[in-house]
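Visitor: I have a structure to look over. Please walk me through its strands and helices.

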Amino acid sequence: MTFDSSIFEEFTKWVVTEVEPGFIHVQYNNPKTLNAFTEEDWRAYHYILEWLDSDPGTNIILLSSKVEKAFSSGLNLKSAMTLMNAKDDWSFENKKKFMYKHIKDFQDAITMPARMRTPTIALLNGVSYGLALDIASACTIRIAVEGVKMSIREIKIGIVADMGSLQRMTNLVNNKSKMNQLALTGDIFGAKDAFELGFVSEVVPDLKTGVDRCIELGQLINSNPQWAIKGTKDSIQYMVNGGNHEQGLKDIAEYNSIYLVGGITSGMPSKL
């Protein structure tokens with residue numbers, strides 16, 4: 001089936017293009033706010049990724065910014081401050097239920113790359129605060145541009161990061177003491193620090209070079225059989241999520257046995 005980018009035209013801040021069959025590039029383009037996210041933006045992000053993952057032709061997705069100064073400056077605070085408007089007369093319990101559902105919906109959107117069978121590559125550039133790290137933490141592969149400014153910024157505005165960086169990034173990095181330090185101070189750290197922590201796998205000199213490198217990497221992944229791409233993503237994601245070693249081996253034995261006896265010809269297994 002031919003890829004049709006017009007499906008996403010209603011999302012005017014998002015650019016969705018096909019690099020080659022099976023390889024899709026999703027770019028956020030909101031320069032006025034340095035790619036800050038309103039509710040409209042994160043719901044669009046969720047819809048785009050969910051649609052792409054459900055498309056049987058999608059093998060790999062690249063997430064990047066069209067704004068040279070930022071991957072994302074995080075949550076759009078001006079927009080977020082209006083969330084509880086016209087709710088002053090609500091009871092505490094009703095306010096709590098509303099806020100809980102809002103947070104859960106938001107979490108579901110940002111965690112989408114970790115739940116998908118399709119692997120993702122995140123290219124972090126410029127200002128990458130708060131939500132930027134939540135998004136990146138959920139992705140399969142992370143690459144940083146030199147000069148990137150990362151921060152688990154939420155503590156600086158008096159809240160606890162609640163979109164996944166504290167949970168996912170903690171499992172990804174190799175220095176838990178440093179992770180605690182960064183989360184509790186909100187300090188800014190760069191590409192070299194992220195690489196040494198094991199949070200990113202490569203550092204590139206600029207955004208254009210980064211996009212070129214990610215496309216090269218994505219094409220390499222896309223050249224492999226789809227069943228193997230998605231089975232590998234599932235297997236590693238299961239372990240990153242805290243899965244059991246023995247169960248992981250049982251799951252992949254079941255998955256591979258279907259392929260090895262020719263079951264793949266009648267449809268790829270939906271999940272490990």
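Visitor: Which residue in β7 does Ala-122 stand opposite?

Guide: A note before we start: this is a predicted model. β5 (residues 120–124) pairs with strand β7 (residues 141–145) in the parallel sense, over four bridges. Within β7, the residue opposite Ala-122 is Arg-142.

Visitor: What is the bridge partner of Leu-62 in β5?

Guide: Strand β3 covers residues 60–65. β3 and β5 run parallel and are joined by three bridges. In β5, the partner of Leu-62 is Ile-121.

Visitor: Are the residues of β5 that point either way buried or exposed?

Guide: Thr-120, Ala-122 and Leu-124 point one way, and Ile-121 and Leu-123 the other. The strand is mostly covered, with five of its five residues under the 20% cut-off. On both sides, then, the answer for these residues is: buried.

Visitor: In what order do the three strands of the open sheet stand?

Guide: The pairing in this sheet is parallel. β4 (70–72) and β8 (149–151) each have a single partner strand, so they stand at the edges, and one side of each is left without a neighbour in the sheet. The twist averages 15° from one strand to the next. The order is β4-β6-β8.

Visitor: Which residue of β6 is the bridge partner of Ala-70?

Guide: β4 and strand β6 (residues 127–129) pair in the parallel sense. Two bridges hold that pairing. The partner of Ala-70 is Val-127.

Visitor: At about what angle does α5 run to β6?

Guide: Helix α5 spans residues 131–138. Eight of its eight residues are buried, so the helix is largely enclosed by the rest of the structure. Leu-131, Asp-134 and Ser-137 are among them. α5 lies across β4, β6 and β8, and its angle to β6 is about 80°.

Visitor: How do α6 and α7 run relative to each other, roughly parallel or roughly antiparallel?

Guide: Helix α6 (residues 165–172) and helix α7 (residues 176–185) have axes that come within 9 Å. Ser-165, Leu-166, Met-169 and Thr-170 in α6 meet Lys-176, Met-179 and Ala-183 in α7. The crossing is right-handed. The axes cross at roughly 150°, and the cut-off is 145 degrees, so α6 and α7 are roughly antiparallel.

Visitor: With which side chain does the side chain of Asp-234 make a polar contact?

Guide: Asp-234 sits in helix α10 (residues 226–240). Its relative accessible area is 7%, so Asp-234 is buried. At 2.8 Å, the side chain of Asp-234 makes a polar contact with the side chain of Arg-117.

Key. Residues numbered from 1 in each chain as written. Predicted model: local features only at pLDDT ≥ 70, side-chain atom pairs only at ≥ 80, totals over all residues. Heavy atoms only, no water. Buried < 20%, exposed > 50% of the residue type's maximum accessible area, 1.4 Å probe, protein only. Pairing = 2+ DSSP bridges. Polar contact = N/O pair within 3.5 Å; in protein donor to acceptor, adjacent residues only side chain to side chain. Axes fitted to C-alpha atoms, helices over the stretch in contact; angles between N-to-C directions. Parallel < 35°, antiparallel > 145°, perpendicular 65-115°, else oblique. Left-handed = near helix turned anticlockwise from the far one by under 90°. Contact = heavy atoms within 4.5 Å.
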